[in-house]
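Let's take a friendly walk through one protein chain, from its overall layout down to single side chains. Have the picture ready and follow along.

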Amino acid sequence: MNRIKKFYVFIIIGLIVICTFIFEPFRSEPPTPKITTGKSVIPTTQGSFCWDGPLFARCVDKIYSSPLEMAKVHKPMIVSPNQEIKIKFKKEPLAGTLIVEELRNENNIKNIKVNNAKISAPKEKGVYFYLVIANWKNGSGNHAFSIEVK
């Protein structure tokens, strides 16, 4: 009988651990944005963040030397001039806290107008890097992505 009790305790603990990593309410990091243009998903790289989860709080500093290096992790997505880019989170950030910065190089950073969680690709051809910054009740985080306007 004692073996059966240990087995059930093991199963319950296992389920709690699995639920902690699978279910959104137990996340210990900010939501990852789904960035799309047309039917294509643009890959993102997670940057540093601080998050106060239901089980524990943590701040994580990523090793990237700059947001520009972070954005270079993935190959740029090819887009057309002025093409719409959508930024969607499973859990929406606090109102007015979604910021998008365009990085051409370390010294050339420009705030991009975000309208209904959408931005437009530049008119000029070239490679562009973006940093998406957002805040939630539980903390803040950032993600980077890149596009190539052709």
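Reading along the sequence, you meet the pattern α-β-β-β-β-α-β-β-β-β-β-β-β in the protein chain. That comes to two helices and 11 strands; here helices (H or I, at least four residues) and strands (E, at least two) are DSSP runs, numbered from the N terminus. What you see is a predicted model, in which local features need pLDDT of at least 70 and side-chain atom pairs count only at pLDDT 80 or more, while totals for chains, interfaces and linings use all residues. Residues are numbered from 1 along each chain as its sequence is written, and side-chain values use heavy atoms, with hydrogens and water left out.

## The chain as a whole

Of the 150 residues in the protein chain, 34% count as buried. Buried means under 20% relative accessible area, exposed means over 50%, and partly exposed lies in between (1.4 Å probe, protein chains only). The accessible surface of the protein chain is about 9,800 Å², and 57% of that belongs to carbon and sulfur atoms. Such areas come from the Shrake-Rupley method with a 1.4 Å probe, and for residues only the protein chains shown count as cover.

Contacts (heavy atoms within 4.5 Å) tell you about the fold too. Among those in the protein chain with a separation of 6 or more, 68% are between residues 24 or more positions apart.

## Strand β11 and its neighbours

Now find β11 (139-149). Nine of its 11 residues are buried, so this strand is mostly covered. Which strands pair with β11? Two strands pair if DSSP finds at least two bridges between them, and the table shows three such partners of β11, including one example of facing residues for each.

| Partner of β11 | Sense | Bridges | Example |
|---|---|---|---|
| β3 | antiparallel | five bridges | Q46 opposite H143 |
| β5 | parallel | three bridges | V79 opposite V149 |
| β10 | antiparallel | 11 bridges | N135 with S140 |

β10 and β11 also form a hairpin, with two residues between them.

## What lies inside

In soluble globular proteins, nonpolar side chains tend to be buried together. A nonpolar core is a set of buried Ala, Val, Leu, Ile, Met, Phe, Trp, Tyr and Cys residues joined through side-chain atoms within 4.5 Å. The largest nonpolar core here has 21 residues, and I85, Y130, F145 and I147 touch the most other members. At least two residues of this core come from each of β3 (45-52), β5 (77-79), β6 (84-88), β10 (126-136) and β11 (139-149). β10 gives the largest share, five residues.

Look at F145 for a moment. Leaving out residues up to four places away in sequence, F145 touches I35, I42, P43, T44, A71, I85, I119, Y128, F129, Y130 and V132. Apart from the largest core lies another one, of seven residues, among them M70, A71, L103 and L131.

## Rings that meet

A search of the whole structure finds three aromatic pairs. Rings of Phe, Tyr and Trp (its six-membered ring) pair if their centres lie within 6.5 Å; planes under 30 degrees apart count as stacked, over 60 as edge-to-face and the rest as tilted. In one of these pairs, the rings of W51 and W136 have centres 5.7 Å apart and planes at 70°, so the pair is edge-to-face. W51 sits in strand β3 and W136 in strand β10, 85 residues apart, and the pair links these distant parts of the chain. Both W51 and W136 are buried.

W136 also meets F89: their ring centres are 5.2 Å apart and their planes at 75°, so this pair is edge-to-face. F89 lies in the loop between β6 and β7 (99-105), so its pairing with W136 in strand β10 ties together parts 47 residues apart in sequence. F89 is buried as well. Ring pairs thus link W51, F89 and W136 into a cluster.

## A disulfide

Finally, look for two cysteines. A disulfide is a pair of cysteine sulfur atoms within 2.5 Å, and the count by this rule is one. The partners are C50 and C59, with sulfur atoms 1.9 Å apart. The torsion about their S-S bond is about 115°, so the disulfide is right-handed. Is each cysteine buried or exposed? C50 is partly exposed, with a relative accessible area of 31%, and C59 is exposed, at 55%.
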